[in-house]
Amino acid sequence: MTIILGIESSCDDTGAAVVTGDRRVLSNIIISQNAEHADFQGVVPEIAARSHLTNLEKTIRQALAESKTELEQITAIAATSGPGLIGGVIVGSMFAKSLCSVLNKPFIAVNHLEGHALTARLTDNIPYPYLLLLASGGHCQFVAVLGLGKYKILGATIDDAVGEAFDKVAKMLSLPFPGGPEIEKRAKFGDPHKYKFPKPIINSGDCNMSFSGLKTSVRTLIMSLQAIDDTVINDIAASFQFTIGEILSSKILEAIKSYAQITNDPHKNIVIAGGVAANKYLQEILGDCVKARDYQLIYPPTSLCTDNAAMIAYAGLERYNNGLFTPLNFCPKARWSLEEL
Ligand code: KG4
Ligand code: ZN
């Protein structure tokens with residue numbers, strides 16, 4: 001039985017996971033650095049890299065222990081090797097390479113975005129091709145997933161990632177980091193129609209997106225308000241999340257048009273992945289929206305939407321099954337588009 005050890009260290013979560021050839025997640029350990037970055041209300045790359053160094057060995061030991069697997073039983077080691085904060089990426093990929101070198105096992109460099117992109121195949125076993133909305137703290141793009149390593153970007157944000165917009169608006173409202181889950185919680189108690197925010201490039205006729213003007217508009221509103229109490233915070237959170245829902249709904253329909261032009265997909269699956277895919281409101285809105293076009297929306301469980309090592313192990317498994325190993329002199333990449341794979 002193939003057994004893959006996956007390592008994730010591209011942002012502020014140190015992860016190690018053990019996944020089997022028949023898609024069982026035997027362990028999926030995450031040590032979060034949220035507390036270390038909280039005072040800065042954002043991820044500090046230097047702190048992240050040092051923290052990965054401190055935590056990685058412990059995380060791997062825990063993943064092996066929980067899965068009752070000995071290091072010698074591992075078939076191959078897959079590590080996020082980009083894109084991301086380069087310090088952390090280097091820590092994870094060098095650790096994996098060293099283990100592979102000592103144990104004489106294959107090393108597989110995994111693109112973090114491919115990890116997010118393939119998660120729905122781990123959880124729901126969906127076939128290729130499918131349309132993907134990758135929505136995280138660093139990325140926001142519509143991708144036609146045509147096969148392993150075959151990705152076509154149909155549209156993307158021209159400025160901020162959608163998760164980044166959630167985080168920045170949360171910061172303006174003095175909510176804790178990461179902001180996405182906090183905005184979602186507050187939005188439940190607010191009026192989504194209280195404030196009207198702009199939907200930049202909504203009529204551009206393609207599936208490119210922009211969130212920067214929306215973010216600025218929230219800042220302008222906050223500066224104009226005399227006092228900000230809980231009711232105001234809840235209403236801003238709800239109105240902001242509603243606007244994001246409107247933008248993504250409109251753009252997902254544009255993405256379906258582009259997708260249908262390049263592929264004949266009988267399954268009509270749309271996957272939403274990345275941290276923002278954990279948002280229940282967006283799952284519901286987007287699910288209803290695509291149903292009207294006969295597509296079904298698939299989203300991984302929350303623990304596999306946000307950064308984790310099981311998705312890296314799984315992407316490694318698909319690569320292993322296709323004989324796609326990586327030489328040990330591979331250089332980790334801070335930037336690495338899915339289209340380069
Ligand atoms: O995929 P991820 O864990 O890390 C990156 O690769 O960026 O995504 C993290 C992003 C953060 O911006 C976070 O605020 C956002 O995902 N996020 C959410 C939710 N949970 C996480 N955004 C909206 N609603 C959520 N429930
Ligand atoms: Zn991610």
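**Close-up views of a predicted model**

**View 1. The hairpin of E7 and E8.** In this predicted model, just two residues sit between strands E7 and E8 in their hairpin, and Gly-149 takes a positive phi there, near 75°. The strands themselves, E7 (residues 140–147) and E8 (residues 150–156), run antiparallel and are held in register by six bridges. Look for Gly-147 and you'll find its bridge partner, Lys-150, in E8.

**View 2. The five-stranded sheet.** Here's an open sheet with its strands in the order E3-E2-E1-E4-E5 and mixed pairing. Strand E3 (25–32) and E5 are the edge strands, each pairing on one side only. Going from one strand to the next, the twist averages 15°. Helix H2 (residues 45–66) packs on this sheet, where it touches E1, strand E2 (13–20) and E3, and its direction makes about 25° with that of E2. Further into the sheet, strand E1 (residues 3–8) pairs with E4 in the parallel sense, over four bridges. Ile-7 is a handy landmark, as it stands opposite Ala-79 in E4.

**View 3. From E4 over H3 to E5.** Strand E4 (residues 76–80), helix H3 (residues 86–103) and E5 form a β-α-β unit, and its hand is right-handed. The two strands of the unit pair in the parallel sense, with four bridges between E4 and E5. Thr-80 stands opposite Val-110 in E5. So which residues cover the two faces of E5 (residues 107–110)? On one side it's Phe-107 and Ala-109, on the other Ile-108 and Val-110, and all of them are buried.

**View 4. Two cis prolines in loops.** Most peptide bonds are trans, so cis ones are worth a stop. One of them here runs from Gly-82 to Pro-83, with omega near -15°. Pro-83 has its place in the loop between E4 and H3. Another cis bond joins Phe-177 and Pro-178, and its omega is about -5°. Pro-178 lies in the loop between helix H5 (162–172) and H6.

**View 5. Helix H5 and its surroundings.** Quite a few residues of H5 are buried: Val-162, Gly-163, Ala-165, Phe-166, Val-169, Ala-170 and Met-172. What do these buried residues of H5 pack against? The list takes in E6, E7, H6, H7, H8 and helix H9 (280–291). Just after H5 comes Ser-174, with a positive phi of about 60°.

**View 6. H6 crossing H8.** Two packed helices are described by the angle between their axes and the distance between the axes. For helix H6 (residues 179–187) and helix H8 (residues 230–262), the axes come within 7 Å and cross at roughly 110°. The range 65 to 115 degrees counts as roughly perpendicular, so that's the label for H6 and H8. On the H6 side of the meeting are Ile-183, Glu-184, Arg-186 and Ala-187. They meet Asp-230, Ile-233, Asn-234, Ala-237, Ala-238, Phe-240 and Gln-241 in H8.

**View 7. Glu-318 and its partners.** Glu-318 lies in helix H11 (residues 310–321). Is this residue, Glu-318, buried or exposed? Its relative accessibility is 7%, so Glu-318 counts as buried, the cut-off for that being under 20%. Its side chain makes a polar contact of 2.6 Å with the side chain of Arg-121. A polar contact of 2.6 Å also joins the side chains of Glu-318 and Tyr-314. Setting aside neighbours within four places in sequence, Glu-318 is in contact with Leu-118, Arg-121, Tyr-128 and Leu-148.

**View 8. Positive phi at Asn-125 and Ile-201.** Most residues other than glycine have a negative phi. Asn-125 goes the other way, with phi near 55°. You'll find Asn-125 in the loop between helix H4 (112–124) and strand E6 (130–135). With 47% relative accessibility, Asn-125 counts as partly exposed. Ile-201 has a positive phi too, near 45°, and lies in the loop between H6 and helix H7 (212–224). Its relative accessibility is 32%, so Ile-201 also counts as partly exposed.

Conventions
Residues numbered from 1 in each chain as written. Chains lettered and ligands numbered in written order. Predicted model: local features only at pLDDT ≥ 70, side-chain atom pairs only at ≥ 80, totals over all residues. Heavy atoms only, no water. Buried < 20%, exposed > 50% of the residue type's maximum accessible area, 1.4 Å probe, protein only. Pairing = 2+ DSSP bridges. Right-handed = clockwise from strand over helix to strand, strands pointing away. Polar contact = N/O pair within 3.5 Å; in protein donor to acceptor, adjacent residues only side chain to side chain. Contact = heavy atoms within 4.5 Å. Axes fitted to C-alpha atoms, helices over the stretch in contact; angles between N-to-C directions. Parallel < 35°, antiparallel > 145°, perpendicular 65-115°, else oblique.
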